[in-house]
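Dear colleague,

Please find below the structure that I am handing over to you. My account of what was found in it follows directly after.

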Amino acid sequence: MLRYLIRRLLAAVAILLVITVITFVIFFALPSDPALLACGKTCSPSRLAEIKHSLGLDQTFLKQFWEFFKGLFVGRDFGDESVHIHCGAPCLGISFQTDTPVLTTLLDDFPADLSLGLGAAVFFLILGVGLGTVAAVRRGKAADKAAVGLALLGVSVQIYFVGLLLLYLFVDKWQILPASGYTPITQNPGAWFQGLILPWFTLVIVYLALYTRLTRSSMLEVFAEDYMRTARAKGLSSQRVVLKHGLRAAITPIITIFGMDVGSLIGGSAVITESVFGINGIGKLAVDSVQNSDLPVILGTTLFAATFVVLANVVVDVVYGLIDPRVRLA
């Protein structure tokens, strides 16, 4: 297992390196000039040259890429004699717009994505697996039809529609909850929970459909296996047959999707939810950085999200061996 983890981690490093190169290439293909955006409308040629030099944009592509890669391990220095900024390792660069280290900005916004992604993931995993299991056990009955209908509804709606509808009902019309927004849990746990209820509920409605349908189809396939009929013939209780023998075998594809979803949500993929509910997370930061051609922030958010997705897949592979004995034997 240790050798396997080492191989996977080395492969993850290679993937992140490829993503970094691709992001650099795409940025250099853009027609916009980040130095010109940072300089402003009344920008003289001399001032523009100074900004390009201080940001390192007057260097070649390979030189800029090497400086970025080296900064991940030893840090970097930006600016000149008049303005000097040190970025300690691991350095993801300095924002062209705010002159602050990218890693500092990411760490400031990360708690919002962590709270939003993990909280929603716990709810839609438990509810989705539960509804899918009930639908498979009650196949063709009212509970099955209700679960399938709810899943169909979740697939049909969009995040921005559900989010705005929930804001209108619970905040404007019924005034049950305060206006949404992220409050750090260390400042006010109650406000933190209240501000995330509607964003969590929005993501649950959308993701619940996938997990309900996937659990139902996986459970129905497992129910048709010979060892399930053998377990019933031995006189085991229905609960033990379904949960211990059926769900344990059917949960493998669910874990795969769940690992990818959690990694992407924590990495900032819930940008629409953040925009609807006014949450300043990494997803919103990524969109703003693209609009401003802020290469260091674009690279930082891209690598940040990719890192969580890759690590989530590694964790999923480890969990496979703990849940399914067939994986351990392989």
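Helix H11, residues 252-266, consists of 15 residues, and its first and last C-alpha atoms are 21 Å apart, close to the 21 Å expected at 1.5 Å a residue. Please bear in mind that this is a predicted model. Buried residues of H11 include Thr252, Ile254, Ile255, Gly259 and Asp261; Val262, Gly263, Leu265 and Ile266 are buried in H11 as well. Gly268, just after H11, adopts a positive phi of about 110 degrees.

As to the chain overall, it contains 15 helices and two strands. Its C-alpha trace spans about 85 × 55 × 35 Å along the principal axes. The protein chain has 330 residues, and 41% of them count as buried.

Helix H5 covers residues 102-137, which makes 36 residues. At 1.5 Å a residue H5 should span 52 Å, and the 50 Å between its end C-alpha atoms agrees with this. Within H5 there is nevertheless a kink of about 35 degrees at Asp109, shortly before the proline Pro111.

H5 also contributes to an aromatic contact, through Phe110. The structure holds 14 aromatic pairs. In one of them, Phe110 and Phe304 have ring centres 5.4 Å apart and planes at 75 degrees; an angle over 60 degrees counts as edge-to-face, so this pair is edge-to-face. The two residues come from distant parts of the chain, as Phe110 belongs to helix H5 and Phe304 to helix H14 (residues 295-323), with their positions 194 residues apart. Phe110 and Phe304 are both buried.

Two further features involve aromatic rings. Phe65, Trp66, Phe69 and Phe73 together make up one aromatic cluster. Elsewhere, the face of Phe223 has Arg232 lying over it, at 5.7 Å from the ring centre.

I turn next to the internal space. There is one cavity of 30 Å³ or more, and the largest cavity holds about 150 Å³ of space. The lining of the largest cavity comprises 15 residues, of which Leu55, Gln64, Arg76, Leu295 and Pro296 are the closest to its centre. Helix H4 (61-74), strand E1 (76-79) and H14 each give two or more residues to this lining. H14 supplies the largest share, three residues.

The largest pocket contains about 530 Å³ of space. Its lining has 17 residues, and those nearest the pocket centre are Leu16, Leu72, Leu92, Leu303 and Thr307. The elements that give two or more residues to the lining of this pocket are helix H1 (2-29), H4 and H14. H4 and H14 thus appear in the lining of the largest cavity and in that of the largest pocket.

Finally, where does Arg3 lie? Arg3 is part of helix H1. With a relative accessible area of 66%, Arg3 is above the 50% cut-off and is therefore exposed. The C-alpha atom of Arg3 is separated by 50 Å from that of Ala49, a residue 46 residues apart from Arg3 along the chain.

Yours sincerely

Conventions:
Residues numbered from 1 in each chain as written. Predicted model: local features only at pLDDT ≥ 70, side-chain atom pairs only at ≥ 80, totals over all residues. Heavy atoms only, no water. Helix = DSSP H or I, 4+ residues; strand = E, 2+ residues; numbered from the N terminus. Expected span 1.5 Å × (residues − 1). Bend = angle between axes of the 7 residues up to and from the residue. Phe/Tyr/Trp six-rings, centres within 6.5 Å; stacked < 30°, edge-to-face > 60°. Buried < 20%, exposed > 50% of the residue type's maximum accessible area, 1.4 Å probe, protein only. Lys NZ or Arg CZ within 6 Å of the ring centre and 35° of its normal. 1 Å grid on protein atoms, 1.4 Å probe; cavity = no way out; pocket = protein on both sides within 12 Å on 5 of 7 lines; lining within 4 Å. Points joined across faces, edges and corners; volume = space filled by probe spheres on them.
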